[in-house]
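Ready to practise reading a protein structure step by step? Keep the sequence and the 3D view open while you work, and try each task before you read its solution.

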Amino acid sequence: MSNELLIRQAAIEDLPKIVPLFDSYREYFHQPKNPVKAEQFLFDRFQNLQSVIFIAEQEDKVIGFAQLFPIFSSLSLQRVWLLNDFYIAEGYRNKGIGKQLFAKVKEFALLTKSKGIELSVEHTNERAWHFWEKQGFKMDKKFRYYSYLL
């Protein structure tokens, strides 16, 4: 087994390796563990071509992932990728894995001729702010974003 880090686009066959980490990610954001629903959610995204997932693997174990959803800008007439989910397993953080995983996301956005990548970060997560700002993200000062939850 190699200790080498591999970052690649995930396929539906990777679901059994992704689900435990995806469920831990949800738990990190105070959602109840539910691997059955998590697997169904990811399966539906793959089956309906609704998202793109990149994974970071080490020794055949998924230790990080990024999930992108396509959105579109009517003003620029271009696709924008929403980086909705990004997570590195505990014990693997602060080792440059997030930076490498994001580099693959950025490469994909460029290859798909997108306008850019958008994401949101909790107001209380300063560590994430700093990480994303180091990757080149700027806080939007032109538009105020709102949510209407049902």
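Here are four exercises on this predicted model, each followed by a worked solution.

**Exercise 1. The sheet**

Task: Work out the order in which the five strands form the open sheet, and find which strands stand at the edges.

Solution:
- Start with a general idea: strands of a sheet pair through backbone hydrogen bonds, either parallel or antiparallel.
- Now follow the strands across the sheet: the order is E1-E2-E3-E4-E5, and the pairing is mixed.
- E1 and E5 each have a single partner strand, so one side of each is left without a neighbour in the sheet, and these two stand at the edges.
- Neighbouring strands of this sheet are also turned against each other, by 25 degrees on average when direction is ignored.
- To see the mixture, begin with E1 and E2, an antiparallel pair with five bridges. Here Leu-5 has Gln-58 in E2 as its bridge partner.
- E2 and E3 are antiparallel too, over seven bridges.
- E4 and E5, by contrast, run parallel and are joined by three bridges. Across from Trp-81 you will find Ile-117 in E5.

**Exercise 2. A covered strand**

Task: Take strand E2 and decide how many of its residues are buried, and on which faces.

Solution:
- Use the cut-off first: a residue is buried when its relative accessible area is under 20%.
- By that test, seven of the seven residues of E2 are buried.
- Recall that in a regular strand the side chains alternate between the two faces of the sheet.
- Sort the residues by side: Val-52, Phe-54, Ala-56 and Gln-58 lie on one, while Ile-53, Ile-55 and Glu-57 lie on the other. Both faces of E2 are therefore covered, because the residues on each side are under 20%.
- Finish at the hairpin of E2 and E3, where two residues sit between the strands; Glu-59 there has a positive phi near 55 degrees.

**Exercise 3. The two sides of a helix**

Task: Check whether the span of helix H3 agrees with its 15 residues, then find its buried side.

Solution:
- H3 covers residues 97-111, and at 1.5 Å a residue it should span 21 Å; the end C-alpha atoms are 21 Å apart, which agrees.
- Next, list the buried residues of H3: Ile-97, Gly-98, Leu-101, Phe-102, Val-105, Phe-108 and Ala-109.
- They cover an arc of only 125 degrees around the axis, which puts them on the same side of H3.
- Turn to the face pointing away from that buried side, and you meet the exposed residues Lys-99, Leu-110 and Leu-111.
- What covers the buried residues? Among the elements that do so are strands E1, E2, E3, E4 and E5 and helix H4 (126-134).
- After H3 comes Lys-113, with a positive phi near 55 degrees.

**Exercise 4. An aromatic pair**

Task: Describe how the rings of Phe-65 and Tyr-87 are arranged.

Solution:
- A pair of aromatic rings is described by the distance of the centres and the angle of the planes.
- The whole structure holds 17 aromatic pairs.
- For Phe-65 and Tyr-87, the centres are 6.4 Å apart and the planes make 50 degrees, so the pair counts as tilted, being neither under 30 nor over 60 degrees.
- Phe-65 belongs to strand E3 and Tyr-87 to strand E4, 22 residues apart, and the pair links these distant parts of the chain.
- Both residues, Phe-65 and Tyr-87, are buried.
- Ring pairs also place them in a cluster with Phe-22, Tyr-25, Tyr-28, Phe-29 and Phe-41.

Notes
Residues numbered from 1 in each chain as written. Predicted model: local features only at pLDDT ≥ 70, side-chain atom pairs only at ≥ 80, totals over all residues. Heavy atoms only, no water. Helix = DSSP H or I, 4+ residues; strand = E, 2+ residues; numbered from the N terminus. Expected span 1.5 Å × (residues − 1). Buried < 20%, exposed > 50% of the residue type's maximum accessible area, 1.4 Å probe, protein only. Arc of directions from axis to C-beta. Contact = heavy atoms within 4.5 Å. Pairing = 2+ DSSP bridges. Axes fitted to C-alpha atoms, helices over the stretch in contact; angles between N-to-C directions. Phe/Tyr/Trp six-rings, centres within 6.5 Å; stacked < 30°, edge-to-face > 60°.
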